[in-house]
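Could you walk me through this structure and show how each label is earned? Please set every value against its cut-off.

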Amino acid sequence: MEKITAIIADDEKELRRHLAKLLNQLWPELIIAGETENGPQTLDLVHRLSPDIVFLDINMPGLTGIEVAKQIYRQCSIVFITAYDQYAIEAFENEALDYILKPVQKKRLLTSIERCKRRFTGHAQKQSDLSFLLQQLERTLVKEKASPFLQWIRAQHSDSIRLIPIDDVLLFKSADKYTLVITPKKESLIRKTIKELEQELDPEKFWKIHRGTIINVSAISKISKSISGKHVVKINNYDEPLLVSRSYSHLFKQM
């Protein structure tokens with residue numbers, strides 16, 4: 001394999017140092033050709049050095065990482081750096097785009113390194129035409145900044161990450177130390193608790209009906225009452241009826 005070069009673009013000096021140190025440990029053959037701290041600097045360095053890979057912060061001064069990526073994606077592979085996991089999109093899953101979260105962890109960085117290596121050995125798709133995916137990511141970022149609420153659920157599946165749009169979730173159910181995320185097609189486990197999710201979800205769209213259950217209001221198909229007088233909720237594409245605790249019954253009095 002020919003020598004591969006990279007630049008690190010992030011406005012946080014300590015993060016650049018940390019990432020460079022990890023890259024030296026995990027991929028010693030990689031040549032770190034330079035570092036930048038804003039969008040215009042990054043464009044200039046890419047044009048001058050023609051690196052193979054750019055580790056690119058999504059939120060940079062001058063020009064955002066997305067704006068930079070639109071101009072350089074045909075020249076090099078891009079690995080986005082972000083502090084916000086809800087900024088991820090489904091495109092990340094199929095290797096068209098890649099990302100690592102701040103603070104950078106060895107295990108996740110190693111996954112990105114392996115993806116990069118596969119591209120350069122011809123065993124994975126090239127980042128050849130990402131214009132549509134970059135537009136999709138930009139729209140997601142705009143939406144995220146406009147809303148303070150959680151928009152994506154990040155669930156671990158074996159050695160990959162599944163990114164679930166929040167609107168696809170039917171309900172969340174507590175499961176020991178984990179929470180079960182239920183969609184029409186699949187169930188996933190996440191480490192967030194029901195209490196944490198309650199603080200992060202839009203209360204207009206997601207209602208807590210029990211200490212261990214949060215439902216998507218738009219997924220409700222039927223509301224009835226049990227013999228004891230408690231509300232019972234039926235959710236589309238989910239067979240099990242859900243009992244509403246008396247503490248939350250007031251949510252359904254107008255329905």
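Q: What makes the meeting of the Arg108 and Asp98 side chains a salt bridge?
A: Their N to O distance is 3.1 Å. A salt bridge is a side-chain nitrogen of Lys or Arg within 4 Å of a carboxyl oxygen of Asp or Glu, so this pair qualifies. Arg108 lies in helix H4 (residues 106–120) and Asp98 in strand E5 (residues 98–101), so the bridge ties together parts that are ten residues apart in sequence. Helices (H or I, at least four residues) and strands (E, at least two) are DSSP runs, numbered from the N terminus. Asp98 and Arg108 also belong to a network of salt bridges with Arg115.

A word on the ground rules: this is a predicted model, in which local features need pLDDT of at least 70 and side-chain atom pairs count only at pLDDT 80 or more, while totals for chains, interfaces and linings use all residues. Residues are numbered from 1 along each chain as its sequence is written, and side-chain values use heavy atoms, with hydrogens and water left out.

Q: Why is Asp98 called buried or exposed?
A: Asp98 has a relative accessible area of 0%. Buried means under 20% relative accessible area, exposed over 50%, and partly exposed in between (1.4 Å probe, protein chains only), so Asp98 is buried. Arg108, with 16%, is buried too.

Q: How do you know which label fits Arg16 and which fits Glu35?
A: Arg16 has 9% relative accessibility, so it counts as buried. Glu35 has 38%, so it is partly exposed. These two form a salt bridge, with their closest N and O atoms 3.1 Å apart. Arg16 is in helix H1 and Glu35 in strand E2, so the pair links distant parts of the chain, 19 residues apart.

Q: What makes Lys192 and Glu200 a salt bridge?
A: Their side chains meet at 3.0 Å, N to O, which is within the cut-off, so the name fits. Lys192 is partly exposed at 27%, and Glu200 is partly exposed at 26%. The whole structure holds eight salt bridges.

Q: How many disulfides does a search of the whole structure find?
A: Zero. A disulfide is a covalent bond between the sulfur atoms of two cysteines. Here it is taken as a pair of cysteine sulfur atoms within 2.5 Å. Among the cysteines, Cys76 is buried at 6% and Cys116 is buried at 1%.

Q: Why are strands E1 and E2 called a pair?
A: Two strands pair if DSSP finds at least two bridges between them, and five bridges join E1 (residues 5–9) to E2 (residues 31–36), so they qualify. The two run parallel, and Ala9 stands opposite Thr36 in E2.

Q: What makes the crossover from E1 to E2 right-handed?
A: The chain crosses from E1 through helix H1 (residues 13–26) to E2, a β-α-β crossover. Right-handed means that, with the strands pointing away from the viewer, the path from the first strand over the helix to the second runs clockwise.

Q: How do you know that E11 and E12 pair?
A: Four bridges join E11 to E12 (residues 213–216), so the pairing rule is met, and they run antiparallel. They form a hairpin with two residues between them, and His210 has Thr213 in E12 as its bridge partner.
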